[in-house]
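These are my notebook entries on one structure. I record what I looked up, in the order in which I looked.

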Amino acid sequence: PLYSAIPAAFMLITTIGALMHQAISFSGKGNLFLFIVSIALILLAVIVFTETVRTAYTRRRKTYTANV
């Protein structure tokens, strides 16, 4: 539903934005370990987002075909 998708999108955008800012900051300071951790967390956030969209699309499609 839309009432839960809007806050979820906001949280995802702010989280990825903050991690990107931190990754840039860590790379500029030469802190390689924290840079790699930031990049890994960004990748995990993208994976969670794609799985969520795929699951929502599949469930919506099953619901639509069941009602037809």
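Entry 1: Ile-42. I began with Ile-42, which I located in helix 2. The model is a predicted one, and I read every value below as computed from it. I asked whether Ile-42 is buried or exposed. Its relative accessibility is 13%, and the limit for buried is under 20%, so Ile-42 counts as buried. I then listed its contacts, leaving out residues up to four places away in sequence: Ile-42 touches Ile-16, Leu-19 and Met-20. I also checked a C-alpha pair: Ile-42 and Gly-17 are 9.1 Å apart in space, although 25 residues separate them in sequence.

Entry 2: Ser-38. I stayed in helix 2, where Ser-38 also lies. Ser-38 has a relative accessible area of 4% and is therefore buried. Which residues is Ser-38 in contact with, once neighbours within four places in sequence are set aside? I found Leu-19, Gln-22, Ala-23 and Phe-26. I noted that Leu-19 appears in this list and also among the residues that Ile-42 touches.

Entry 3: helix 1. I turned to the buried residues of helix 1 and recorded Ile-16, Leu-19, Ala-23 and Phe-26. Of these, Leu-19, Ala-23 and Phe-26 are in contact with Ser-38, while Ile-16 and Leu-19 are touched by Ile-42. I next checked the length of the helix. At 1.5 Å a residue, the 28 residues of helix 1 should span 40 Å, and the end C-alpha atoms are 40 Å apart, which agrees. Just after helix 1, I noted a positive phi of about 80 degrees at Gly-30.

Entry 4: Ala-9. I placed Ala-9 in helix 1, which covers residues 2-29. Its relative accessibility is 36%, so I entered Ala-9 as partly exposed. Between Ala-9 and Phe-49 I found a C-alpha to C-alpha distance of 9.2 Å, with the two positions 40 residues apart in sequence.

Entry 5: the salt bridge. How many salt bridges does the rule count? The count comes to one. I traced it to the side chains of Arg-54 and Glu-51, with 3.3 Å from N to O. The cut-off for such a pair is 4 Å. Both residues lie in helix 2, three residues apart, or about one turn of the helix. I recorded Glu-51 as partly exposed, because its relative accessible area is 38%.

Entry 6: the nonpolar patch. I looked for nonpolar patches on the surface and noted one of about 540 Å². Phe-33, Leu-34, Val-37, Leu-41, Leu-44 and Ile-47 make this patch. I examined Phe-33 in particular, which is found in helix 2, residues 32-67. At 62% relative accessibility Phe-33 is over the 50% limit, so it counts as exposed.

Entry 7: the whole protein. I closed with the overall figures. The protein has two helices and zero strands. Its radius of gyration is 17 Å, well over the 11 Å that the globule rule gives for 68 residues, so I entered the protein as more spread out than a compact globule. Along the principal axes, the C-alpha atoms fill a box of roughly 60 × 20 × 10 Å. Buried residues make up 10% of the 68 residues; Ser-38 and Ile-42 are among those I looked up as buried. The protein exposes about 5,800 Å², and carbon and sulfur atoms supply 73% of that area.

How values were computed: Residues are numbered from 1 along each chain as its sequence is written. This is a predicted model: local features need pLDDT of at least 70, side-chain atom pairs count only at pLDDT 80 or more; totals for chains, interfaces and linings use all residues. Side-chain values use heavy atoms; hydrogens and water are left out. Patches are made of residues with over 30% relative accessible area and no salt bridge: like charges are joined within 9 Å, nonpolar side chains (Val, Leu, Ile, Met, Phe, Trp, Tyr) within 5 Å. Accessible areas come from the Shrake-Rupley method with a 1.4 Å probe; for residues, only the protein chains shown count as cover. Helices (H or I, at least four residues) and strands (E, at least two) are DSSP runs, numbered from the N terminus. Buried means under 20% relative accessible area, exposed over 50%, partly exposed in between (1.4 Å probe, protein chains only). Contact means heavy atoms within 4.5 Å. The radius of gyration is taken over C-alpha atoms; the globule rule is 2.2 Å times the number of residues to the power 0.38. The expected span of a helix is 1.5 Å times one less than its number of residues.
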